[in-house]
Amino acid sequence: MAYAQPHPRLSVVSNSSLSSVDHLSPTTSSTRFSLPSAPSLHGAASIVKAGPNRPNIYERNLNKTRGAEVSGAAFAFLFSEIVQYTQKRVSGINDLERQLNTLGYRIGTRVIELMVWRAEGSSKTPKREIKLISVLMMVHTQVWKAVFGKPADAIERSVENPDEYMIIDNDPPIERHISVPRDMSQLSCSSFTAGIVEAVLDGLSFPARVTAHNTPNPQFPNRTTILIKLEKSVLDREELLK
Amino acid sequence: MSHHLFLLSPSDTPLYSLTHQSTKPVPTVTSPLASNLPTWSTSAFAGTLTALSGASSATQHTTSGAVRVGGGQDRHVIQMIANASLDVIEDEMHKQNLMYLKSVDKFNEWTVSAFVTPGNMKFVLLHEGKNDEGIRAFFMDVWELYVKTLVNPFHTAHTTIRSSVFDTRVRASARKYL
């Protein structure tokens with residue numbers, strides 16, 4: 001009975017899936033650009049009916065950030081649950097890191113789009129970063145600020161491998177309340193952050209493999225290095241455009 | 001005057017498309033090739049051939065006030081022009097740091113304008129005539145609507161956009177600016 005009427009909070013999902021059923025038939029032409037025709041207006045009407053006092057996401061202002069910060073405690077709790085949930089479903093540390101990376105990637109695709117929209121959305125000539133160095137600096141400063149509220153502590157280029165860059169955070173906020181068991185000392189929960197970085201770089205078409213590593217020093221026991229290994233195509237393109 | 005909008009994911013999959021008939025006047029386009037065309041109207045490919053050659057008058061003379069069909073208005077020709085412009089867009093987006101690439105490509109009466117978001121989504125718009133400022137404003141609206149769609153946790157990135165509210169809003173913006 002509980003499922004007979006969808007909860008108003010789920011209205012976006014239930015309505016879109018309902019109204020899309022009849023549009024999935026493959027009767028339209030089969031070219032690359034063909035799409036099921038856009039859903040008709042009755043969908044919109046039922047959304048309004050489902051939640052009269054709940055504005056839908058298209059009516060909200062994307063610039064409202066004041067008072068929208070999440071408390072550190074709430075995030076620490078959520079992230080702890082994420083790690084535990086993931087750990088139950090994987091075999092080994094590598095797998096766990098990969099899963100955390102995947103989860104971070106989903107955050108990253110949204111971070112890049114929303115962050116740049118907030119910065120450029122009102123500009124007459126919105127710009128995207130196309131230079132490798134400025135993209136890396138943007139990740140180091142703006143992305144970190146948007147996600148963690150502070151810039152990262154350092155960015156370095158690897159001496160032996162020209163395709164590797166490192167972003168260093170002395171005290172990553174997401175690991176502040178995590179102590180990794182001794183037998184899993186390899187694990188870095190910042191793989192989640194690595195996933196965010198990977199998505200941002202992918203979005204700006206600088207594909208790379210991004211991993212997280214513990215690099216503690218006496219002063220900062222939580223110090224973490226996000227290692228960015230760029231794909232060869234990126235370096236080739238940089239060389240061409242010089 | 002009609003407009004065709006396509007939203008393409010980073011892997012060039014179409015996520016949304018819209019055809020908008022504008023009430024604003026059509027600029028007269030004269031295509032030199034069209035007059036030299038033999039009458040192939042009996043051939044199965046007549047529509048495509050006339051369209052590719054630039055004839056926009058294939059079926060235009062039927063009624064005066066009716067919506068144009070055939071010629072450069074064929075659906076598959078539109079899709080082909082939009083697809084073909086992707087190569088130019090890919091080239092330009094690595095050279096220019098602007099998101100709005102105005103008039104990147106031309107094909108007969110069609111001009112292709114594009115907008116590349118930081119997440120590498122491509123908005124491709126086929127239009128006739130020049131309307132840089134209107135198209136820019138339209139793209140900015142679509143971008144905002146797209147960001148709102150994307151941040152919804154129930155929307156999986158790079159999947160077809162089926163929200164009816166999104167559709168309504170894009171249409172409203174098209175009426176306003178195009």
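**Salt bridges, chain contacts and local confidence**

Across the interface between chain A and chain B, two salt bridges are found by the rule applied. The structure described here is a predicted model, and every value reported below was computed from its atoms. In one salt bridge between the chains, A:K124 is paired with B:E133, and the closest N and O atoms of the two residues lie 3.4 Å apart. The residue B:E133 also belongs to a wider arrangement, in that A:K124, B:E133 and B:R136 are linked in a network of salt bridges. Beyond these charged pairs, 15 residue pairs are in polar contact between chain A and chain B, counting pairs in which both residues have a pLDDT of 80 or more. On the side of chain A that touches chain B, the elements that give two or more residues are α1 (11-20), α2 (42-50), α4 (93-120) and α7 (232-241) of chain A. Of these, α4(A) gives the most, with eight residues on the side of chain A that touches chain B. Sorted by class, that side of chain A comprises 22 nonpolar, 13 polar and ten charged residues.

The extent of the interface can be described both by residues and by area. In total, 45 residues of chain A are in contact with 51 residues of chain B. The size of an interface is often expressed as the accessible area that is lost when the parts come together. By this reckoning chain A and chain B bury about 4500 Å² between them, and 64% of that area is on carbon and sulfur atoms.

Over all chains, a search of the whole structure gives 14 salt bridges. One of the pairs found within chain A joins A:D236 to A:K232, with a distance of 3.3 Å between the closest N and O atoms. Because these two residues are four residues apart in helix α7 of chain A, A:D236 and A:K232 are separated by about one helical turn. The two partners fall into separate accessibility classes: A:D236 is partly exposed, with a relative accessible area of 39%, whereas A:K232 is exposed, at 62%.

Within chain B, a salt bridge is formed by B:E90 and B:K122, for which the closest N and O atoms are 3.3 Å apart. This pair links distant parts of the chain, since B:E90 lies in helix α2 (residues 75-95) of chain B and B:K122 in strand β5 (residues 122-127) of chain B, 32 residues apart. Here B:E90 is partly exposed, with a relative accessible area of 29%, while B:K122, at 1% relative accessibility, counts as buried because the cut-off for that class is under 20%. A salt bridge is also formed by the side chains of B:K130 and B:D132, with an N to O distance of 3.2 Å; in this pair B:K130 is exposed, having a relative accessible area of 73%.

A side-chain polar contact elsewhere in chain B involves B:D167, which is placed in helix α4 (residues 164-177) of chain B. The side chain of B:D167 is in polar contact with the side chain of B:Y16, at 2.5 Å, and B:D167 counts as buried, with a relative accessibility of 5%.

Backbone geometry was also examined. Most residues other than glycine have a negative phi. Against this background, B:S103 has a positive phi, near 45°, although it is a residue other than glycine. The position of B:S103 is in strand β3 (residues 100-107) of chain B, and the residue is partly exposed, with a relative accessible area of 30%. A positive phi of about 50° is likewise found for B:N108, which is not a glycine. This residue is placed in the loop between β3 and β4 (110-116) of chain B and is also partly exposed, with a relative accessible area of 38%.

These descriptions should be read alongside the confidence of the prediction. Chain B has an average pLDDT of 80, and 72% of its residues score at least 70. Over residues 34-43 of chain B, however, the pLDDT is below 50, and in the model this stretch has nine contacts beyond near neighbours in sequence. Residues 56-71 of chain B likewise stay under a pLDDT of 50, and for them the model has 17 contacts beyond four places in sequence. Where pLDDT is low, predicted coordinates should not be read in detail.

Definitions and conventions. Residues numbered from 1 in each chain as written. Chains lettered and ligands numbered in written order. Heavy atoms only, no water. pLDDT = per-residue confidence, 0-100. Contact = heavy atoms within 4.5 Å. Buried area = accessible area lost by both parts, 1.4 Å probe. Salt bridge = Lys/Arg side-chain N within 4 Å of Asp/Glu carboxyl O. Polar contact = N/O pair within 3.5 Å; in protein donor to acceptor, adjacent residues only side chain to side chain. Nonpolar A, V, L, I, M, F, W, Y, C, P; charged D, E, K, R; others polar. Buried < 20%, exposed > 50% of the residue type's maximum accessible area, 1.4 Å probe, protein only.
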